[in-house]
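The following exercises are meant for a reader who is new to this structure. Each one sets a task and then works through the solution step by step.

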Amino acid sequence: MDSKKIIRFFVNWAAVLALFLCFIAFSIISGSKFASGSNVVNILRAMAINTVFGIAATITMAPDGFDMSAATLASCSAYAFVSGYLWFGFSVPVSILFCIVVTLVMYQMTMFLILVCKIPDMLATCALMFVHQGLGQWYIGGGAVSTGMKTSWGADPARTTLSNGFQAIGRAPWIIIIMLVCVGAAHVFLTYTKHGRFLYAMGGNKEAAKLSGINVKKYRYLAGMITAVFIAIAGILVSSRGSSAQVMCCDNYLMPSLAAVFVGRTVGGAEKPNALGTLIGAALVSTLENGLTILAVPYYVLPAVKGAVLALALIAAYASKKEN
């Protein structure tokens, strides 16, 4: 077999091979602690949130967009979800709907800056990171939204406890089921619908997509609205898992989710953001973090590991591209 084909094979399937080797290595080193059924569930729970954030980024990046503010917006989504349930007394389904609507409304700022003001995605969303943080903390009064605390305007909340249904969303098996549903929905949308193919066409060459009759602004807006829904779901999972909406509770999920997407771009030689690849990328990041934690690696070293995974994914995604 040609050496170039062998190298290409290992580059294309490096993430899957790395995931397999991580499982073997951590199982041998730590024994039953890592390979136990309860720890596998812990890995799945941890990767669920990273995966949903990654799916949001996947939809954004399909038409060559980029969103640095997804995690800070998700924190606002979490504030809306928990405040809707505790402060206003909404039921869990109504709180979910309230959260999604708030997130969609706030995402209009992103679309306005990108589509109307024509500001590059990264610059617009970097600015909105601070806007989201400020608006969110103004809404919650600078403190967490949790049981036993008054509203930000000093009134007594409508509820003082969280129901089992509220907390079940962030626990196994529901958090895992929600993750798989999100991955499946994104995969079907991007791969098997004309709308998903239009987004990929825009990501490949926006000018060519426009000349072929695709309404570029319309589909970029559609991608933004779908992204907002996934961001809201991620905020719901974070707050349900933590039984509260802490200040900036979702902000730290940005880099792991981006790492998952860039790792996923390389899986099977896809060379584009895809839902199944993002799932594998999130599994790799979460497995590494879980295994290193079991091995008592200091917590402050873990960000370096995530950064290294992202750097290697970027090398695999871009270094092997053919020069035009």
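**Exercise 1. Determine which helices the buried residues of α10 pack against, and on how many sides of α10 they lie.**

Solution. The model is a predicted one.
Step 1. The buried residues of α10 pack against α9 (174-192), α11 (206-211) and α12.
Step 2. Helix α10 spans residues 194-204, and its buried residues are Gly196, Leu199, Tyr200 and Met202.
Step 3. These residues lie on the same side of α10, because they cover an arc of only 155° around the axis.
Step 4. A general rule is relevant here: an α-helix has 3.6 residues a turn, so residues three or four places apart point the same way.

**Exercise 2. Describe the overall make-up and dimensions of the chain.**

Solution.
Step 1. The chain has 15 helices and zero strands.
Step 2. A compact globule of 324 residues would have a radius of gyration near 20 Å, and the chain agrees with this, having 20 Å.
Step 3. Along the principal axes, the C-alpha atoms fill a box of roughly 70 × 55 × 30 Å.
Step 4. Of the 324 residues, 47% are buried.
Step 5. Among contacts with a separation of 6 or more, 76% join residues 24 or more positions apart.
Step 6. The accessible surface is about 15,100 Å², and carbon and sulfur atoms account for 68% of that area.

**Exercise 3. Identify the residues that touch the most other members of the largest nonpolar core, and the helix that gives the most to this core.**

Solution.
Step 1. The largest nonpolar core holds 95 residues, and those touching the most other members are Ile59, Leu199 and Phe230.
Step 2. Helix α12 gives the most to this core, with 14 residues.
Step 3. Beyond its neighbours within four places in sequence, Phe230 is in contact with Val52, Ile55, Ala56, Ile59, Cys182 and Ala186.
Step 4. In soluble globular proteins, nonpolar side chains tend to be buried together.

**Exercise 4. Decide whether Val183 and Ser240 are buried or exposed, and list their contacts.**

Solution.
Step 1. Val183 is found in helix α9, and Ser240 is in helix α12 (residues 216-242).
Step 2. Buried means under 20% relative accessible area.
Step 3. Val183 counts as buried because its relative accessibility is 4%.
Step 4. Ser240 also counts as buried because its relative accessibility is 1%.
Step 5. Not counting residues up to four places away in sequence, Val183 touches Thr51, Ile55, Ala275, Leu276 and Leu279.
Step 6. With neighbours within four places in sequence left aside, Ser240 is in contact with Phe166, Gln167, Ile169 and Gly170.

**Exercise 5. Examine helix α7 and the residue just after it.**

Solution.
Step 1. Helix α7 (residues 121-140) has 20 residues and reaches 28 Å from its first C-alpha to its last, close to the 28 Å expected.
Step 2. Its buried residues are Asp121, Ala124, Thr125, Leu128, His132, Gly136 and Ile140.
Step 3. These residues pack against α5 (70-86), α6 (92-116) and α12.
Step 4. Just after α7, Gly141 has a positive phi of about 70°.

**Exercise 6. Find what is notable in the backbone at Lys118, Ala296 and Pro173.**

Solution.
Step 1. Most residues other than glycine have a negative phi, and most peptide bonds are trans.
Step 2. Lys118 has a positive phi near 60° and is found in the loop between α6 and α7.
Step 3. Ala296 has a positive phi of about 65° and lies in the loop between α14 (275-294) and α15 (302-318).
Step 4. The peptide bond from Ala172 to Pro173 is cis, with omega near 10°.

Terms used. Residues numbered from 1 in each chain as written. Predicted model: local features only at pLDDT ≥ 70, side-chain atom pairs only at ≥ 80, totals over all residues. Heavy atoms only, no water. Helix = DSSP H or I, 4+ residues; strand = E, 2+ residues; numbered from the N terminus. Buried < 20%, exposed > 50% of the residue type's maximum accessible area, 1.4 Å probe, protein only. Contact = heavy atoms within 4.5 Å. Expected span 1.5 Å × (residues − 1). Core = buried A, V, L, I, M, F, W, Y, C linked by side-chain atoms within 4.5 Å. Arc of directions from axis to C-beta. Rg over C-alpha atoms; globule rule 2.2 N^0.38 Å. Areas by Shrake-Rupley, 256 points an atom, 1.4 Å probe, with all protein chains shown as cover.
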